[in-house]
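I am opening a fresh page for this chain and will note down what I looked up, one region at a time. The entries follow the order in which I went through the model.

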Amino acid sequence: MSQSTPVNELPAVMSVYNRFPIRLAKGKGSYVWDTEGKRYLDFTSGIATCNLGHVPDFVHKKLSEQLSSLWHCSNLFTIPQQEELAKRLTNNSSCDQVFFCNSGAEANEAAIKLAKKYAKDQGNPERTEIVTFHQSFHGRTGTTLAATAQEKIHQGFEPIATGFRYLPLNSQDALSQIDNGKTTAVLVELIQGEGGVRPVEQKWITELQERCRQSDILLMVDEIQTGIGRTGTLFAYEQVGITPDVITLAKGLGSGFPVGAMLARQQVADSFQPGTHGSTFGGNPLAMTAGTATLDVMLEEGFREDVLEKSSWLLKALLNLKESFDNIIDVRGRGFLIGVEVDGNAGDLVSNFRGKGILVLTAGQHVLRILPPLTVSWEELEEFIHTFNRIFVEGENNTK
Ligand SMILES: *Cc1c(COP(=O)(O)O)cnc(C)c1O
């Protein structure tokens, strides 16, 4: 990522990240402040995590209450807060039961294990493979990096875990290759986030679901980035009319507090029994409280309609700007997960925005990734479009 200054400011910390050259000290709503007091409009939302903006009041209140009563008690005890969050997730999705963990990679790990166990329980022990798609991103653990169909994520970690088969996204050919007799599940992002904000095509995903149903192959959607209101509905799958067997969640679920979840339909969930899976911190009372409070805000009447209205305005405004500037190649996405593909280096643009007080991200070399908090105001959206326009006008003047 060329937008970062290659200075190691944290010499005692393993340097696995290229970091932006600012230090954040405070956040509230759509804004963050650095240690020098400079304010930024945050259209990264901690990578689609602080979906209710920074330090949202209701979640803050609920977390403060829980903080004064019980922090941790292990899964050897009944944790009623788990049922609260699980009910909200299952009442509002195609799934019936939830396994709680702490991150996206762990949610996908759980899904991968469940898919393998399910095939055996169904009397199909030869079905051991999971299909994933080129340019996907499913995590950084030993197994989820193997699920991630990107050479650069694999490099250096050979031998890569086996049991995954990679196919091209949105490809007709891929559909005919889904069932090779060894497939137990398909794991797919409905909009590839890290891979460049690439949505699945409607016709393709419908056919993918049909293929899966025909062969009792599990349709597992990785909604770690697209879920929890990000695309204007609680889950992105609602907008493409499919009913997934398994859903993985993390990022936005705890408003910034670490929570992961793997949801499954009952018949699939039944393959997990005492002793088959677990996590020390998974379902921790603080994490559950953060998740429940987050969903209570999002499930309020009008919340998601507001996101849909504001985000379609933003998408239209960006499409208008595409008409004005030749170096904008494509504008795509759903809700507040928007990618702007540019002819040039997206990292340089990110620095440019930062210089003008706005934080945005990249998704690959040529795509700007725009992730406002779902609670963003009209004024903040207008400020963003105004600055966007200014940066591209200046860019044109520089090249002429
Ligand atoms: C971020 C992300 C992950 C990994 O989540 P972690 O919490 O970093 O382990 C997996 N899948 C998708 C789609 C993601 O965006």
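**Entry 1: the hairpins and their sheet**

I began with the hairpin of S1 and S2, where two residues lie between the strands and Gly29 in the turn has a positive phi of about 60°. I keep in mind throughout that this is a predicted model. The two strands of this hairpin, S1 and S2, run antiparallel to each other and are joined over four bridges, and when I looked up Gly27 I found that its bridge partner in S2 is Val32.

I then followed the chain into the next hairpin, that of S2 and S3, which has four residues between its strands and in which Gly37 takes a positive phi near 90°. Here strand S2, residues 31-34, pairs with strand S3, residues 39-42, again in the antiparallel sense, over three bridges. Val32 turned up a second time, since its bridge partner in S3 is Tyr40.

How many strands form the open sheet, and in what order do they come? I noted four strands in the order S1-S2-S3-S15, with mixed pairing. The edges are held by strand S1 (24-28) and strand S15 (358-359), each of which pairs on one side only.

**Entry 2: the segment before S1**

Going back along the chain, I looked up Val16, which lies in the segment before S1. With a relative accessible area of 63%, Val16 is over the 50% cut-off and therefore counts as exposed. Together with Met14 and Tyr17, Val16 makes a nonpolar surface patch of about 420 Å².

**Entry 3: backbone angles I stopped at**

Ala48 caught my attention because it is buried, at 1% relative accessibility, and I noted besides that Ala48 has a positive phi of about 55° although it is not a glycine. Its place is in helix H1, which covers residues 45-48.

Ser255 is another residue other than glycine with a positive phi, in this case near 55°. I found Ser255 in the loop between strand S11 (246-249) and strand S12 (260-264). Is Ser255 buried or exposed? Its relative accessible area is 11%, which is under the 20% cut-off, so Ser255 is buried.

I also checked a peptide bond, the one from Glu158 to Pro159, and wrote it down as cis, with omega near 0°. Pro159 is placed in the loop between helix H6 (151-154) and strand S6 (164-167).

**Entry 4: positions taken from UniProt**

From the unreviewed UniProt entry I copied the feature "binding site", which is placed at Gly104, Ala105, Phe137, Asp222, Glu223, Ile224, Gln225 and Thr280. These positions are spread over 177 residues of sequence, and they are spread in space as well, with up to 25.2 Å between C-alpha atoms.

I picked two of these positions for a further look, and Glu223 was one of them. Glu223 lies in the loop between strand S10 (218-222) and S11, and its relative accessible area of 1% makes it buried. Which residues does Glu223 touch, not counting those up to four places away in sequence? They are Leu190, Phe235, Ala236, Tyr237, Ile247, Thr248 and Leu249.

Ile224 is also found in the loop between S10 and S11, and with a relative accessible area of 8% it is buried. Leaving aside its neighbours within four places in sequence, Ile224 is in contact with Gly104, Asn108, Thr248, Leu249, Ala250, Lys251 and Gly252. Among these contacts I noted Gly104 in particular, since UniProt lists Gly104 under the feature "binding site".

**Entry 5: Gly252**

The contact list of Ile224 led me on to Gly252, which has its place in the loop between S11 and S12. Gly252 counts as buried, at 2% relative accessibility. Beyond its neighbours within four places in sequence, Gly252 is in contact with Ala48, Thr49, Asn51, Ile224, Ile228 and Thr294. I met Ala48 here again, the helix H1 residue with the positive phi of about 55°. For Thr294 I also looked up the separation from Gly252, which is 42 residues in sequence and 8.5 Å in space, C-alpha to C-alpha.

Note on methods:
Residues are numbered from 1 along each chain as its sequence is written. This is a predicted model: local features need pLDDT of at least 70, side-chain atom pairs count only at pLDDT 80 or more; totals for chains, interfaces and linings use all residues. Side-chain values use heavy atoms; hydrogens and water are left out. Two strands pair if DSSP finds at least two bridges between them. Buried means under 20% relative accessible area, exposed over 50%, partly exposed in between (1.4 Å probe, protein chains only). UniProt positions are given in the numbering used here, feature names are shortened, and annotations may be inferred rather than shown by experiment. Contact means heavy atoms within 4.5 Å. Patches are made of residues with over 30% relative accessible area and no salt bridge: like charges are joined within 9 Å, nonpolar side chains (Val, Leu, Ile, Met, Phe, Trp, Tyr) within 5 Å. Accessible areas come from the Shrake-Rupley method with a 1.4 Å probe; for residues, only the protein chains shown count as cover. A salt bridge is a side-chain nitrogen of Lys or Arg within 4 Å of a carboxyl oxygen of Asp or Glu.
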